[in-house]
Every structure is written in C-alpha cells, then in structure tokens.
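This report describes the sheets, selected helices and ligand surroundings of one protein model. Please keep the structure in view while reading the sections that follow.

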Amino acid sequence: MGFQTDSIHAGQIAEPVTGAIMTPIFQTSTYVQETIGKHKGFEYSRSQNPTRHAMEDNIAALEKGKYGIAFSSGLAAISSIVEMFGQGDHIICTDNVYGGTFRVFDTVFKKFGLEFSFVDTSDFKQVEAACTAKTKLIFVETPTNPMLTLTSLKKLAEFGKKQNILTVVDNTFMSPYFQKPLEFGIDLVVHSTTKYLNGHSDVVGGIILTANKELADKLHYIQNAVGAVPGPMDCFLVLRATKTLALRMREHEKNSIALARYLENHPKVEKIFYPGLSSHPQHDLAKEQMTGFGGIISIELGNLDNARKFAEALKIFALAESLGGVESLADHPAIMTHASVPVEERAKLGISDGLIRLSVGVEDEEDLLADVKQALEHI
Ligand SMILES: Cc1ncc(COP(=O)(O)O)c(C=O)c1O
C-alpha cells in the first residue's frame with residue numbers, strides 16, 4: 001500500500017460492536033475474564049490495550065517494520081532500548097544527539113555500569129575507532145538535533161551487520177514520510193511521537209519500530225516490565241494525527257525550503273543549517289537517503305544578544321521547546337533544549353549562544369517569511 005493509504009488504514013479495523021470507523025479510546029485499566037485465565041487477549045492495560053495496539057501497528061506499517069512498541073515519551077522509548085543491555089556493555093552514540101538523550105545516557109545509565117562513547121557518527125573512522133569487543137549498540141540521530149548533520153544509513157547498517165552490533169536510528173526529525181531507516185537494514189527506529197508523528201503539540205509519547213521478532217519480543221517484555229506505557233487517549237490522538245502526516249510533512253518542507261532560501265542570503269544570518277540547501281555539506285547524502293528535507297532549520301546569528309533580539313521580536317514563531325507541530329516554534333538550544341550538554345561539548349558541536357533552531361510550521365508561507373524578515377530587522 002502507499003504511504004497515505006497505510007497512514008489512514010494500517011492497524012485499524014471497524015470496531016466490532018458498533019462498526020465505529022475510528023478506533024475507540026479504550027480507557028480501561030483491566031478486562032473481565034470469562035473464567036480464571038480465559039480472556040480475549042487483554043488482561044491489564046500496561047500489558048495490552050487495543051487503542052495502543054492500533055497505533056503501534058499503524059506506525060510500524062509507516063516505517064516498513066512489523067512491530068511497534070509504544071512508550072510514554074521519546075526518552076522512555078530510548079531508555080527501554082538501553083535497558084536491553086547491562087553492566088560492562090558499551091554503546092556508541094552520535095555526539096550531537098538531543099540534549100535529553102545525552103543526559104539519560106551520561107547521568108543515569110552510566111551509574112548502572114554501561115559505557116558510552118559520543119562520537120561524530122557521520123565520520124565512520126570515528127565509529128570504527130570507538131568500537132571495542134564490548135560494543136553492543138550504535139545509537140544514531142540523523143539529521144542531528146540541532147546541527148542537522150547526517151550519518152549514512154547504508155554505511156551504518158553495513159557496519160552494524162559486519163561487526164554484529166545493533167543499530168538504532170532516532171528518526172524523529174524526518175518522520176517515516178521522509179526517511180525509512182529499516183529499509184536500509186537498520187535494526188531499530190525510535191521516535192519521539194511528541195514531534196511530527198503527533199504533530200499537534202498536545203501529546204508527549206515515544207515508539208520503537210522494528211522488523212525483527214526477537215528484538216520486538218525483548219522490547220515488549222521491557223515495555224510491560226518497566227511500565228512506561230502511553231495512556232489510551234494519547235494513543236488515540238497520535239493515531240488520529242498520523243492520518244495527515246504526509247500532508248503536514250509536505251507543507252512543513254515547502255515552507256522550510258522557502259525560508260531556508262531567504263535566510264541563506266540574509267546578511268544578518270552568519271550560517272544556516274538545512275539539508276535541503278545545496279550549500280549543506282551533506283546535501284547529496286540527504287538526497288540519497290531521504291525523500292525530503294524536513295521542517296527544521298538552524299541559523300547562527302553571531303551572539304546571544306542577537307539571538308535574544310530575534311527570538312523576542314518573532315510574532316508567529318513562538319519561543320518554545322519542542323518541534324514538529326503545526327505551529328512554528330523557535331528554540332535557543334544552548335539555553336533551552338541542549339542546556340544539559342556540557343559547555344565545552346556544545347562549543348565543539350557548534351551549539352553556540354547565537355544559534356536558533358526553527359521548527360517551521362504549516363502556516364502560510366508568506367506570513368512566516370514576513371515574520372522572520374521583521375524579526376531580523378531588530379538585530
Ligand atoms: C530527536 C529527539 N529525540 C528524542 C526526543 C525526546 O522525546 P520526548 O521529549 O518525547 O521524551 C526529542 C525531544 O525533543 C528529540 O528532539
């Protein structure tokens with residue numbers, strides 16, 4: 001099936017009692033059993049819930065996987081992947097990951113004896129150099145948040161298979177509409193459904209997708225054992241939102257291309273990071289492994305004072321953390337989303353005090369252009 005057909009129909013059946021076309025919100029914690037141990041496959045909502053299953057199957061189809069395992073946040077999903085491993089195991093991670101991902105690896109999982117190397121995964125020499133006999137997992141964000149650096153999915157999958165190391169891609173920035181890492185042979189995809197998959201800034205959630213039954217079984221076990229599951233209402237909202245994912249992603253991208261072209265030539269913008277621009281150092285790789293360039297643009301405005309003036313002057317873009325919603329947002333990574341990354345590390349990555357990340361929404365293109373234009377005049 002095509003992407004839009006799957007996004008509307010996959011994982012969903014008309015509700016058998018009434019024929020309701022929309023999967024109901026099964027707001028229940030438990031299920032009545034006919035006699036001891038005889039039930040309809042549903043015992044307790046941490047373990048099984050029909051609204052959650054419909055959402056998991058829907059997103060699994062969009063990512064071209066077979067299994068979806070949903071969580072109460074993107075970080076709960078990421079943590080559950082790491083919970084498959086134990087003391088002494090080593091994980092290689094992209095250096096420029098979302099600040100919260102860095103924080104949970106660096107301050108929570110290290111305490112349990114897991115070891116991490118944060119390297120630039122766009123450079124495979126660094127990945128190879130970081131690899132040890134204990135390496136069990138390579139965790140990659142591509143494009144990265146907020147510097148929009150890409151890692152080759154093909155090389156990553158080949159490397160993981162050759163070395164017998166699991167590979168994970170955080171696909172939050174692209175959504176399955178623009179990038180499908182499982183098709184390249186990546187083992188696991190993870191999303192913060194809080195972002196594009198839900199897209200309406202009213203849910204916090206996460207999901208893992210895979211085509212591998214053994215991995216899915218392990219992750220379902222952790223999902224139930226640890227219990228960081230999403231509630232049925234949130235699953236319903238995400239399921240409702242994936243129906244328009246393709247439509248929204250096309251609009252996010254159209255507006256982003258227009259804005260990136262404008263910002264690229266603006267004298268107050270010192271640098272721009274957007275994989276859709278031919279000036280992006282990995283534009284060719286972007287064209288190879290993505291079917292579009294997404295809705296996130298980062299710009300360097302020189303210093304904190306300029307960044308502050310710009311952010312305060314914006315009228316349509318709201319100054320807020322998060323991304324991927326229908327409304328446009330501006331973020332100052334150094335003080336907001338990436339504050340948990342140490343200062344020296346931020347400097348190395350380019351997350352300067354002058355950097356602003358824009359999540360371009362689906363408002364009218366000309367209104368967004370006018371907004372950034374007038375805000376830049378305040379610098
Ligand atoms: C790329 C990426 N991955 C994971 C997360 C974490 O997701 P959540 O906030 O749903 O826990 C975020 C949050 O901003 C993110 O941007």
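## Helices on the seven-stranded sheet

Helix α8 (residues 213–226) lies across β1, β6 (188–192) and β7, and runs at about 20° to β1. Contact here requires C-beta atoms, placed from the backbone, within 7 Å; the axes are lines fitted to C-alpha atoms, for helices over the stretch in contact, with angles from 0 to 180 degrees between N-to-C directions. Helices and strands are DSSP runs numbered from the N terminus, helices being H or I over at least four residues and strands E over at least two. Helix α2 (residues 50–62) lies across β1 and β7 (206–210), running at about 125° to β1.

## Basis of the model

The model is predicted, so that local features need pLDDT of at least 70 and side-chain atom pairs count only at pLDDT 80 or more, while totals for chains, interfaces and linings use all residues. Residues are numbered from 1 along each chain as its sequence is written.

## The two sheets

Seven strands make an open sheet of mixed pairing, in the order β1-β7-β6-β5-β4-β2-β3, where two strands pair if DSSP finds at least two bridges between them. Its edge strands, β1 (67–71) and β3 (115–119), each pair on one side only, and the twist averages 20° from one strand to the next. Within this sheet, β2 (residues 90–94) and β4 pair in the parallel sense over four bridges, and C93 has F139 in β4 as its bridge partner.

A five-stranded open sheet, also mixed, follows the order β8-β9-β12-β11-β10, with β8 (271–273) and β10 (318–319) as edge strands. Strands β9 (residues 296–300) and β12 (residues 355–359) pair in the antiparallel sense over five bridges, S298 standing opposite R357 in β12. Helix α10 (residues 245–264) lies across β8 and β9, at about 15° to β9.

## The two faces of α6

In helix α6 (residues 153–163), L153, L156 and G160 are buried, that is, 20 or more other C-beta atoms lie within 10 Å of their own. They lie on the same side of α6 because they cover an arc of only 65° around the axis, the arc being that of the directions from the helix axis to the C-beta atoms. The cover over these buried residues includes β4 (135–141), β5 (166–170) and α11 (283–289), whereas the face turned away carries K161 and K162, which are exposed (12 or fewer such atoms).

## Ligand surroundings

The ligand is surrounded by 15 residues, the closest being S73, G74, L75, Y98 and S192, with nearness set by a C-beta atom, placed from the backbone, within 6 Å. The elements giving two or more residues to this shell are α3 (74–82) and α4 (99–108).

Terms used. Two residues are in contact if their C-beta atoms, placed from the backbone, lie within 7 Å.
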